[in-house]
Amino acid sequence: MRRIETHPFIIAAVLFLLAWFLGFPMRAQSAPLGDVACTLIEDAASGATLYQNGVCDQRVSPASTFKVPLALIGYDSGILSDEHTPSWDYKPEFNAVKRDHKTVDPIIWERDSVVWYSREIVRRLGAKSFAGYISKFGYGNMDVSGDAGKDNGLTQSWINSSLEISPVEQTAFLRRLLADKMPVSAKAHEMTRAILPSFKAGDWTVQGKTGSTRLGKDGKRSLGWFVGWAEKDGRRIVFARLVVDTKRTEMPKGLATRAAFLKDLPQLVK
């Protein structure tokens, strides 16, 4: 009888089927982690694809786009109350970049993408509730464990760590948010939509969130997200643009990605 270790493909197949039957999250991707570029635009109501270009099913870190689901969590749990409450003062132990040494409320948090405010929300929520919300949301791979062996899921999981999501999953999440279909209160839906920053792109009114980080242990690849929705003449769309590459930009990759998308949108959807 042959020993099973001589057939590693059998072990892999068994593990895959076991994961599928048990419903474990499977990593959705069609290319190895390298340069990635995706622009995905869908009709907010029907989900019909209006424009798609690039690799849009590969999961990567959500970075600060995670502030969108975190706002839902914050308002649903009662940690956040309205656009300006709570207002928290910066503390030295937050160890934040100098520009974030200031008092922050929900509007400023989303507008300036303040990481320490996110971490305070999650810390007050606690690990069990945090993981529960992400599982209920079906958000990406739903893995908020953080870096292996570092026990930092509450502070780091969404920033170049365990939690990952694809552009396809981002737009699906946004459509549910706009349709009041997330498993949270009506107030949480309303307030989350209210505090996201607003922009103009031709005749489109756009609300969305950027995300920037450096990927991998070497940090050679930078990531830029811009996700959200836009309205014009009673029409509403959702979108996700993702860029991952080694190119240097004069501004954080998320801001550069946002600027490029706002410029492109009027030509992408007429």
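Good morning. I begin with the disulfide: the torsion about the S-S bond of Cys-38 and Cys-56 is about 100°, so this disulfide is right-handed. Please keep in mind throughout that we are looking at a predicted model. The sulfur atoms of Cys-38 and Cys-56 are 2.1 Å apart, and the count for the model comes to 1 disulfide. Where do the two cysteines lie? Cys-38 belongs to strand β1, while Cys-56 sits in the loop between β2 and α2 (67-77), so the pair ties together parts that are 18 residues apart in sequence. Both Cys-38 and Cys-56 are buried.

Strand β1 brings us to the sheet. Its 6 strands follow the order β2-β1-β6-β5-β4-β3, in an open arrangement with antiparallel pairing. Which strands stand at the edges? They are β2 (49-54) and β3 (198-201); each has a single partner strand, so one side of each is left without a neighbour in the sheet. From one strand to the next, the twist averages 20°. At the β3 edge, 4 bridges join β3 to β4 (residues 204-215), and these two strands run antiparallel. Within that pairing, Phe-199 has Val-206 of β4 as its bridge partner.

Two helices that pack on the sheet deserve attention. Helix α7 (residues 167-178) touches β1 (36-43), β5 (221-232) and β6 (235-245), and its direction makes about 150° with that of β6. Helix α9 (residues 253-268) touches β1, β2, β3, β4, β5 and β6, with its direction at about 40° to that of β5.

Helix α7 also packs against helix α8 (residues 186-195), at an angle of about 115° and with the axes 9 Å apart. From α7, the contact is made by Arg-176, Leu-177 and Leu-178; from α8, by His-189, Thr-192 and Arg-193. What is the character of these residues? They divide into 2 nonpolar, 2 polar and 2 charged.

Finally, I turn to the nonpolar cores. The largest has 57 residues, of which Trp-109, Tyr-117 and Phe-137 touch the most other members. Helix α2 supplies the largest share of this core, 6 residues. Leaving aside residues up to four places away in sequence, Tyr-117 touches Leu-80, Pro-86, Trp-88, Val-104, Asp-105, Pro-106 and Trp-109. Apart from the largest core lies another, of 13 residues, including Val-206, Phe-226, Ile-237 and Leu-265. Val-206 is the residue we met earlier as the bridge partner of Phe-199. Thank you.

Definitions and conventions. Residues numbered from 1 in each chain as written. Predicted model: local features only at pLDDT ≥ 70, side-chain atom pairs only at ≥ 80, totals over all residues. Heavy atoms only, no water. Pairing = 2+ DSSP bridges. Axes fitted to C-alpha atoms, helices over the stretch in contact; angles between N-to-C directions. Contact = heavy atoms within 4.5 Å. Disulfide = S-S within 2.5 Å. Buried < 20%, exposed > 50% of the residue type's maximum accessible area, 1.4 Å probe, protein only. Nonpolar A, V, L, I, M, F, W, Y, C, P; charged D, E, K, R; others polar. Core = buried A, V, L, I, M, F, W, Y, C linked by side-chain atoms within 4.5 Å.
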